[in-house]
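User: Could you take a close look at one part of this protein for me, the helix that gives the biggest share of the second largest pocket's lining? I'd like to know what sits around that helix and how the region ties in with the rest of the chain.

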Amino acid sequence: MSQDILQAIDSSVFGVWFLIGAALVFWMQAGFAMCEAGFTRAKNTGNIIMKNLMDFCIGTVVFILIGFSFFLGEDFIGIIGKPGFDIITDYANFDWSNFVFNLVFCATTATIVSGSMAERTKFLSYCVYSAVISAVIYPIEAHWTWGGGWLSQLGFHDFAGSNCIHMVGGISALIGAAILGARIGKFTKDDDGKIVKVNAFPGHNLVAAALGVFILWFGWYGFNGAACTSIEQLGSVFTTTTIAPAFATVACMIFTWVKYGKPDISMCLNASLAGLVAITAPCDVTDAFGAIIIGSVAGLLVCFGVWFLDYRLHVDDPVGAVAVHCLNGMWGTIAVGLFATSSAPGYSIADSAGNVMTGLFYGGGFKLLGIQLVGMLSTALWTTVTITGTFLAIKALIGLRVTEEEELRGLDSTEHGLASAYSGFSIMDISNTLSMSVNENTDLGVSEYEEASEFQKRAAVQVVSAPSHTESGIYKVTIIAKLSRYDKLRKAMNDLGVTGMTVTQVMGCGVQKGSGEMYRGVEMDATLLPKIKLEIVVSKIPVKDVIEVAKKTLYTGHIGDGKIFVYRLDNVVKIRTGEEGALALADVE
């Protein structure tokens, strides 16, 4: 009698813990949002917060409609669950806890993709592919492992999702980033189109990124531990879930310290997540030694992954999602076949005949490792085919990427009508500087510079000079232009031989107009527009050449494309302060 009571209490306690674990996994959405926002630029923060909110909300809608039944519906030939609407038609007898638990895991898969495609993806396109992942791609492959499908019957083991969640999300992130293309300025190309340099885009807020990592680590105890059914198993899972990320971070710190001369903060934050991803599949079947090796390898693997994407694949991944989730999701899945040991509490890996299987390094041979490889490769193949088709269809139908000008201005402004996610706190307060629309009254009728008349050229880009710039000497040229023309203008000046310039972001108003956006139902005044002011001092290079190149680069066929000011500097040289406080002559172009 007392034993029955204890079992009932034990069952109730772990039933409550199961839901608490689900809540912890939901809280990880905040961690993903903070991490992604911190690793990217401030002008896209609002867009990133919105994406991380909507992938869960959209995921909930489609998971109710079809995702949950595909995942945990009655098994059909080991491939898919049969569709059903028990949550609507038989709510009284519905498994509410299981629904919520699996929903939060589904949302995690979708949100991984957001980071690698950040700062240049259309918000509508993001909503579409997020829905497809939550409705079809994740539920079907998860059914194979956790819904009674063919991989579970084979003996494949993925306790909490290195394979089903992280690898799937990481592969989707890799393919999406490759199809989407790199952010403007990430890679420098030569005249033949060959990439010759990788440029760093530092995250704007490492404090937010670090907070995100700590939130994710905290939530991971629910991610890995929620499905435990005994105190001993839960304690073991918490132990391995702590050891692996700690060793991964230390390994990464030592590696970056030795290789780069300083320990890299952002890479160490990635390494903590890499260790967590890698231990997710084997967390319940490995011991402390296995967790140490798994974590240490993960810390080095994430460094390799970031380098490989930048310098070999030339795929732009702003947050390191591919290195963290794809590579370490694969590593964690394989690690089960290497480090699974029957000494772990509640060990239950067995083949279809009921024979216990252990990892290669614990005397189990290659059988479990082979099954893990089969499961990993089949899941990877399913994901590659379905997500590639999804991205290509979106690209063809509605477009996947924002325009060049929208990307340069930032998605907060162009996609959401938000001046800044940090209004009042940004370095330059750009409140009310919203998206720019072209005034229909400024169209000059010719969009190509070579075809425009001299009048049209002067109307589009005014040149204000004093005195005449036909004389030789030293001149200062100040160019005011749209933000979207900066990259082209900089490259054009470099090609001309001008390598030194001062660039300032300024605000201006004129013939072009701002588009009034609504905030909480109130129209915001949008008269000031962000511009760039580029200042050059030239002597050896003819000033007329600088002016002509600037006019040609800025011209789009509209009044207000830009303005150029030319100043004669008589008996003046550009000076700078030396390191010791002395004045030193600087080069004049």
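Analyst: Here's a walk through that helix, its pocket and its surroundings. Keep in mind that this is a predicted model.

Some background before zooming in. The protein chain has 589 residues, and 50% of them are buried. Its secondary structure comes to 18 helices and 15 strands. If you take contacts between residues at least 6 apart in sequence, 76% of those join residues at least 24 apart. The accessible surface is about 26,200 Å², with 63% of that belonging to carbon and sulfur atoms.

Now the pocket. The second largest pocket holds about 750 Å³ of space. It's lined by 30 residues, and the ones closest to its centre are Lys186, Ser266, Met267, Val306 and Asp310. Three elements give two or more residues to that lining: helix H9 (231–260), helix H10 (265–280) and helix H11 (288–313). Your helix is H11, which supplies the largest share with seven residues. Sorted by class, the lining comes out as 18 nonpolar, seven polar and five charged residues.

Val302 is a good anchor for H11, since that's the helix it lies in. Is Val302 buried or exposed? With a relative accessibility of 0%, Val302 counts as buried, the cut-off for that being under 20%. Leaving out residues up to four places away in sequence, Val302 touches Met267, Asn270, Ala271, Ala274, Ala323, Val324 and Asn328. Met267 turns up here as a contact of Val302 and also among the residues closest to the centre of the pocket. For a sense of the spacing, Val302 and Gly275 are 9.1 Å apart from C-alpha to C-alpha, with their positions 27 residues apart in sequence.

H11 also carries an aromatic pair. Phe304 and Trp307 have ring centres 6.0 Å apart and planes at 40°, which makes the pair tilted. The two are three residues apart in H11, so about one helical turn separates them. Both differ from Val302 in burial: Phe304 is partly exposed at a relative accessible area of 41%, Trp307 is partly exposed at 32%, and Val302 is buried at 0%.

Just past the helix there's a backbone detail worth a look. His314 sits in the loop between H11 and H12. His314 has a positive phi of about 55° even though it isn't a glycine. The relative accessible area of His314 is 31%, so this residue is partly exposed. A similar backbone case is Ile77, a non-glycine with a positive phi of about 50°. Ile77 is placed in the loop between strand E1 (75–76) and strand E2 (80–81), and at 65% relative accessibility Ile77 counts as exposed.

Going on along the chain brings us to the enclosed space. There's one cavity of 30 Å³ or more in the structure, and the largest cavity holds about 150 Å³. Of its 14 lining residues, those closest to the centre are Phe32, Cys35, Val319, Ala321 and His325. Helix H1 (2–39), helix H4 (96–116), H10 and helix H12 (321–339) each supply at least two residues of this lining. That puts H10 on the list for the cavity as well as on the list for the pocket. The cavity lining has eight nonpolar, five polar and one charged residues.

Back to aromatics, this time beyond H11. The count of aromatic pairs comes to 24. In one of them, Tyr221 and Phe238, the ring centres are 4.8 Å apart and the planes are at 35°, so that pair is tilted. It links distant parts of the chain, with Tyr221 in helix H8 (residues 206–225) and Phe238 in helix H9, 17 residues apart. Tyr221 counts as buried at 19% relative accessibility, whereas Phe238 is partly exposed at 29%. Separately, Phe18, Phe101, Phe105, Trp220 and Phe223 form one aromatic cluster.

To pull it together: H11 gives seven residues to the lining of the second largest pocket, holds the buried residue Val302, and carries the tilted pair of Phe304 and Trp307. The loop that links H11 to H12 contains His314, and H12 helps to line the largest cavity.

Methods. Residues are numbered from 1 along each chain as its sequence is written. This is a predicted model: local features need pLDDT of at least 70, side-chain atom pairs count only at pLDDT 80 or more; totals for chains, interfaces and linings use all residues. Side-chain values use heavy atoms; hydrogens and water are left out. Helices (H or I, at least four residues) and strands (E, at least two) are DSSP runs, numbered from the N terminus. Buried means under 20% relative accessible area, exposed over 50%, partly exposed in between (1.4 Å probe, protein chains only). Contact means heavy atoms within 4.5 Å. Accessible areas come from the Shrake-Rupley method with a 1.4 Å probe; for residues, only the protein chains shown count as cover. On a 1 Å grid over the protein atoms alone, a cavity is a set of points where a 1.4 Å probe fits but cannot get out, and a pocket is an open set with protein on both sides within 12 Å along at least five of seven lines; lining residues have an atom within 4 Å of a point. Grid points are joined across faces, edges and corners, and a volume is the space filled by probe spheres set on the points. Ala, Val, Leu, Ile, Met, Phe, Trp, Tyr, Cys and Pro count as nonpolar, Asp, Glu, Lys and Arg as charged, and the others, Gly among them, as polar. Rings of Phe, Tyr and Trp (its six-membered ring) pair if their centres lie within 6.5 Å; planes under 30 degrees apart count as stacked, over 60 as edge-to-face and the rest as tilted.
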